Amino acid sequence: MEIITMKKEKSTSNKQQPRWADLDLSNEKLIKMYRDMLAIRRFEERAAQEYGKGKIGGFCHLYIGQEATGVGAIAALRDDDDFIYTAYRDHGQAIARGMNMKECMAELFGKVTGCSKGMGGSMHFYDLAKGFMGGWGIVGGHPPLAAGSAFATKYQGRDSVTICFMGEASTNQGVFHETLNMAELWKLPIIFICENNGYGMGTAISRAMAGENLYDKAAGYLMNRGAVNGMDVIEMYREMKKAIHLARTEFKPTFLEARTYRYRGHSMSDPGQYRTKEEIEEYKKRDPIETFGQELIQWGVLSESVIEKMEEEIKAAVQEAVEFADASPQPPLEQLYENVYA
Ligand SMILES: Cc1ncc(C[n+]2csc(CCOP(=O)(O)OP(=O)(O)O)c2C)c(N)n1
């Protein structure tokens, strides 16, 4: 069996052309990727404020810092018939998939107009029309569902792919290994994207995982695998394009470790005593939005004034989303009995 391990390729960047010159990225698409990352950041900053005001209850896990992973991966998918599964840190990926921001905010507010009718909250965004098959709360619980989706599309003779985001802690679950085994054995069109942000709640990965490289875990199944800088939207897109091509054309699954970092706590109630402020500041120095914005300006794709205008538009869209969520009604009591099977 052939094993294709992702190797660090020489950057194509030089003085004449940007490093994305070999990719199918138009200026329009690059700007969209930047805009999506910025929209996620501003949406979540506002969600944190609304949480503080008591407008949002329950759990709320922010994606801030990890935007490039979700945006780079999702930008590489087809819009209409590829599928996405993820864990509970799901707002960013939902926005990257083009889910309606008002419905996302309303879901956080627990309102009937939310993307899951206010029944799911922060951890359970869902949009069938966009192939967004949910945020899932049980660590390691959703990879088998994603494998089922990949099995189904292959069985139906379609060339869709399924991507499955998960945190690194889920790779210590037995079901993760069962899923990788089946995915490789049955040659499923799936890409497992493990967002390694260094911590499972307050536990550093080095205290919870044997071994050094997360992606080595896929070696036992002889799966195509590798690591990518998840703070770099272009690199994320590049590796995903390769993995998607393999899945779509040859039914080869991939395990991709995206090395990233979350700036905020595990959830809103995390005092963050397990890491230093200096560590967070170090990562912020290579902020995925900031660095990509600068690169786009450098290559004349964006300008400071266009970014300022974009900021204004996003701010207005987030404000509109909050007003919509606030004004929306609570789900009716009868809704409690919907989707209950027994
Ligand atoms: C089976 C199970 N065990 C424990 C928990 C409690 N829990 C919620 S989040 C979390 C940490 C998961 O970390 P990781 O998968 O790395 O994702 P991240 O939060 O870093 O995005 C744990 C242990 C859970 N939800 N499910």
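## Burial and the overall fold

A residue counts as buried if 20 or more other C-beta atoms lie within 10 Å of its own, as exposed if 12 or fewer do, and as partly exposed in between. The model described here is predicted. Of the 342 residues of the protein, 46% are buried by that criterion.

The protein contains 11 helices and 8 strands. Its radius of gyration is 20 Å, close to the 20 Å that the globule rule gives for 342 residues, so the protein is as compact as a globular protein of that length. The C-alpha trace spans about 55 × 55 × 45 Å along its principal axes. Among contacts with a sequence separation of 6 or more, 75% are between residues 24 or more positions apart.

## Helix α11 and its partners

Helix α11 covers residues 304–327, and helix α4 covers residues 101–108. The axes of these two helices come within 8 Å and cross at roughly 50 degrees. That angle makes α4 oblique to α11. The crossing of α4 and α11 is right-handed. On the α4 side, the residues involved are Met101, Lys102, Met105, Ala106 and Leu108. They meet Ala317, Val318, Glu320, Ala321, Val322, Phe324 and Ala325 in α11. By class, the residues of this contact are 10 nonpolar, no polar and 2 charged.

Helix α1 (residues 27–52) also packs on α11, at an angle of about 40 degrees and with the axes 10 Å apart. The two helices are therefore oblique to each other. As α1 passes α11, the crossing is right-handed. From α1, the contact uses Arg35, Leu38, Ala39, Arg42, Phe43, Arg46 and Glu50. From α11, Met310, Ile314, Lys315, Val318 and Val322 take part. This contact of α1 with α11 has 7 nonpolar, no polar and 5 charged residues. Val318 and Val322 of α11 appear in the contact with α4 and also in the contact with α1.

## Helices α2 and α8

Helix α2 (residues 67–75) and helix α8 (residues 233–250) have axes that come within 8 Å and cross at roughly 40 degrees. α2 and α8 are therefore oblique to each other. Their crossing is right-handed. Ala68, Thr69, Val71, Gly72, Ala73 and Ala75 of α2 meet Val233, Met236, Tyr237 and Met240 of α8. The contact of α2 with α8 divides into 8 nonpolar, 2 polar and no charged residues.

## Ser328 and Asn229

Ser328 is located in the segment after α11. It has 19 other C-beta atoms within 10 Å; 20 or more would make a residue buried, so Ser328 is partly exposed. Leaving aside neighbours within four places in sequence, Ser328 is in contact with Ala106, Lys111, Val112 and Thr113. Of these, Ala106 is also one of the α4 residues that meet α11. Ser328 and Arg89 are 239 residues apart in sequence, and their C-alpha atoms are 24 Å apart in space.

Asn229 belongs to strand β7 (residues 224–229). With 19 C-beta neighbours inside 10 Å, Asn229 counts as partly exposed, because the buried class begins at 20. Residues up to four places away in sequence are not counted in its contacts, and beyond them Asn229 touches Glu235 and Arg259. Asn229 and Met123 are 106 residues apart in sequence and 25 Å apart in space, C-alpha to C-alpha.

## Residues with positive phi

Most residues other than glycine have a negative phi. Met201 has a positive phi, near 50 degrees, and is not a glycine. Met201 lies in the loop between β5 (199–200) and β6 (203–204). Inside 10 Å it has 13 C-beta neighbours, so Met201 counts as partly exposed.

Asn339 is another non-glycine residue with a positive phi, of about 60 degrees. Asn339 is in the segment after α11. It has 9 C-beta neighbours inside 10 Å and therefore counts as exposed.

Technical notes:
Residues numbered from 1 in each chain as written. Predicted model: local features only at pLDDT ≥ 70, side-chain atom pairs only at ≥ 80, totals over all residues. Axes fitted to C-alpha atoms, helices over the stretch in contact; angles between N-to-C directions. Helix = DSSP H or I, 4+ residues; strand = E, 2+ residues; numbered from the N terminus. Parallel < 35°, antiparallel > 145°, perpendicular 65-115°, else oblique. Left-handed = near helix turned anticlockwise from the far one by under 90°. Contact = placed C-beta atoms within 7 Å. Nonpolar A, V, L, I, M, F, W, Y, C, P; charged D, E, K, R; others polar. Rg over C-alpha atoms; globule rule 2.2 N^0.38 Å.
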